Amino acid sequence: MPVTDLLADLRAIVGEQGVVTGDRLHARVYDEYVGSVRAPVLVRPASTSEVSAVLGLCHARHQAVVPHGGLTGLVYGAVAGENELILSLEAMNRIESVDLPGRTMRVEAGVTLQQVQDEAERAGLMFALDLGARGSCTIGGNIATNAGGMRVVRYGMMRSMVLGVEAVLADGTVLCSLNRMLKNNAGYDLKQLFIGTEGTLGIVTRADLRLAARPTTSSSAFVAFADFASMTRLLGMLDARLGGQLSAFEAMWPDFYELTTTAPATNAPLLPYGHNLYALVEALGADPEGDQDRFERVLGEALESGLIVDAVIAQSEAQRRELWAPREDVFQMRRYGPAHNFDVSLAIADMPRYLVTMRSALAARVPAARTFVFGHVADGNLHISICAGDEQAHRETFDDVERCVYEPLRTITGSISAEHGIGLERKAYLEISRTRAEIATMRALKAALDPRAILNPGKVIDVH
């Protein structure tokens, strides 16, 4: 049955304003990771009950549904085919409550990360997740992909910040696992079924989020190293000497640092070129009298001992933003054509050997490729962007580039996805990071919760 045959029923559930078709739908701008809109219908429920009714209808009619959040993903997890229905949570964008004593916030899934951060700040608190796409990514999408970002070394992944969720299963069943308590061992923790599963087991509609005390001090520095071993020793030194305040440790290899500080980029070089590695470090604290002094003292000792060979320390909020600017200017590589983007995870000790192996494989298979490496090294996450030339070269080298990046992870038990998810793009390589038994268990969960396989079909795993 064509999805357009459901229009009358859908309008009866969400109203005329809740259904988008035709020119209104195709006028929407989607990025390269969603592509052109081939789905003929987008539905915008405004409440959990409407999501439930839509999914109940789609389940009864065997209609495939692709959930949409802020569409900032990078693994084609929101691609919708010509006979699939898009379910967007954009109309569910309310912040329902903030619990100050308990330091929690209840929100609908369509609220953006920026809105949550701002609301927490107004309450004198902080929502610790932070991503470059904070202004457009949504909490529902952050949950569905178990987002990571800049502060994982201190605050953990999105999973650590979600206390409870409300989700709608494929048949329309509303599963309310909302929870504002830090401790709750009453049976299975069902919210985990919907964190990081990319909308394949259910659609999150509301969430209880864990907030943190808002820091009153921020100390930032950009430093250079002679070698990788020095960088790891500094990481250990900062973790031990800053009293738990280390909140970000962002490494940049020279290829990425030079890319984001040369024209047409507008960021000025922070330190001279020519060093083997660079890192942006940040500590968040609550002692205006002592935090900056301690931060500078520890880095001074690192400089004197040779752990770092150069450094610049921010003395104002404006300077802090200048230090962060090159790290966040991640799309500069597009000057060399479309980029293959990866976010792998591996033990810190394995990183140098992995990068040598990966670069050697690329040189042999895709000699024209330009490679840019940066990432959240403290939590084992490397971001790798590879430009192989124009659009045609990008398409022709796609498989070779992916093999060069993913295959070396096999022998070191690394992960093909640290924080971006699997979607369509990485599905073929899932067996590198997950055993047959694990994948079989994933399929069993999918069959139990979505027996007709209507939720985000084809993403993460194939259903046999």
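Reader: How do you know that strand S12 and S15 pair, and in which sense?

Author: In this predicted model, strand S12, which covers residues 217–225, is joined to S15 by four bridges in the antiparallel sense. Two strands count as paired if there are at least two bridges between them, and with four bridges S12 and S15 pair. One of the contacts along this pairing can be named, since the bridge partner of Val223 is Ala311 in S15.

Reader: What makes S15 an edge strand, and which strand stands at the other edge?

Author: The open sheet has seven strands in the order S15-S12-S14-S13-S17-S18-S16, with antiparallel pairing. Strand S15 (310–313) and strand S16 (339–345) each have a single partner strand, so one side of each is left without a neighbour in the sheet. Neighbouring strands here are turned by 15° against each other on average, with direction ignored.

Reader: Which strands does helix H9 touch, and how do you know that H9 packs on the sheet?

Author: Helix H9 (residues 291–305) touches S12, strand S14 (277–285) and S15, and its direction makes about 10° with that of S12. Touching is meant here as heavy atoms within 4.5 Å. Helix H10 (residues 317–328) lies across S12, strand S13 (246–252), S14, S15, strand S17 (370–375) and strand S18 (381–387), and runs at about 50° to S12.

Reader: What is the order of the strands in the open sheet of five?

Author: That sheet has the order S5-S6-S10-S8-S9, again with antiparallel pairing. Its edge strands are strand S5 (95–99) and strand S9 (174–177), each of which pairs on one side only, and the twist averages 10° from one strand to the next. Within the sheet, strand S6 (residues 104–108) and strand S10 (residues 203–210) pair in the antiparallel sense over five bridges, and Met105 stands opposite Leu209 in S10. Helix H4 (residues 113–122) packs on this sheet, touching S5, S6 and S10, at about 145° to the direction of S6.

Reader: Why is the protein called as compact as a globular protein of its length?

Author: The protein, whose secondary structure comes to 15 helices and 18 strands, has a radius of gyration of 23 Å, which is close to the 23 Å that the globule rule gives for 464 residues, so the protein is as compact as a globular protein of that length. Buried residues make up 52% of the 464 residues.

Reader: Why is Glu198 called buried, while Tyr76 is called partly exposed?

Author: Buried means under 20% relative accessible area, and partly exposed lies between that value and 50%. Glu198, in the loop between S9 and S10, has a relative accessible area of 10% and is therefore buried. Tyr76, in the loop between strand S3 (65–68) and strand S4 (85–88), has 22% relative accessibility and so counts as partly exposed. Ala444, which lies in helix H15 (residues 436–449), has 45% and is therefore partly exposed as well.

Reader: What makes the phi of Tyr76 and the peptide bond before Pro264 worth a remark?

Author: Most residues other than glycine have a negative phi, and most peptide bonds are trans. Phi of Tyr76, however, is near 60°, a positive value in a residue other than glycine, and Glu198 has a positive phi of about 60° although it is not a glycine. The peptide bond from Ala263 to Pro264 is cis, with omega near 10°, and Pro264 has its place in the loop between helix H8 (254–259) and S14.

Technical notes
Residues numbered from 1 in each chain as written. Predicted model: local features only at pLDDT ≥ 70, side-chain atom pairs only at ≥ 80, totals over all residues. Heavy atoms only, no water. Helix = DSSP H or I, 4+ residues; strand = E, 2+ residues; numbered from the N terminus. Axes fitted to C-alpha atoms, helices over the stretch in contact; angles between N-to-C directions. Buried < 20%, exposed > 50% of the residue type's maximum accessible area, 1.4 Å probe, protein only. Rg over C-alpha atoms; globule rule 2.2 N^0.38 Å.
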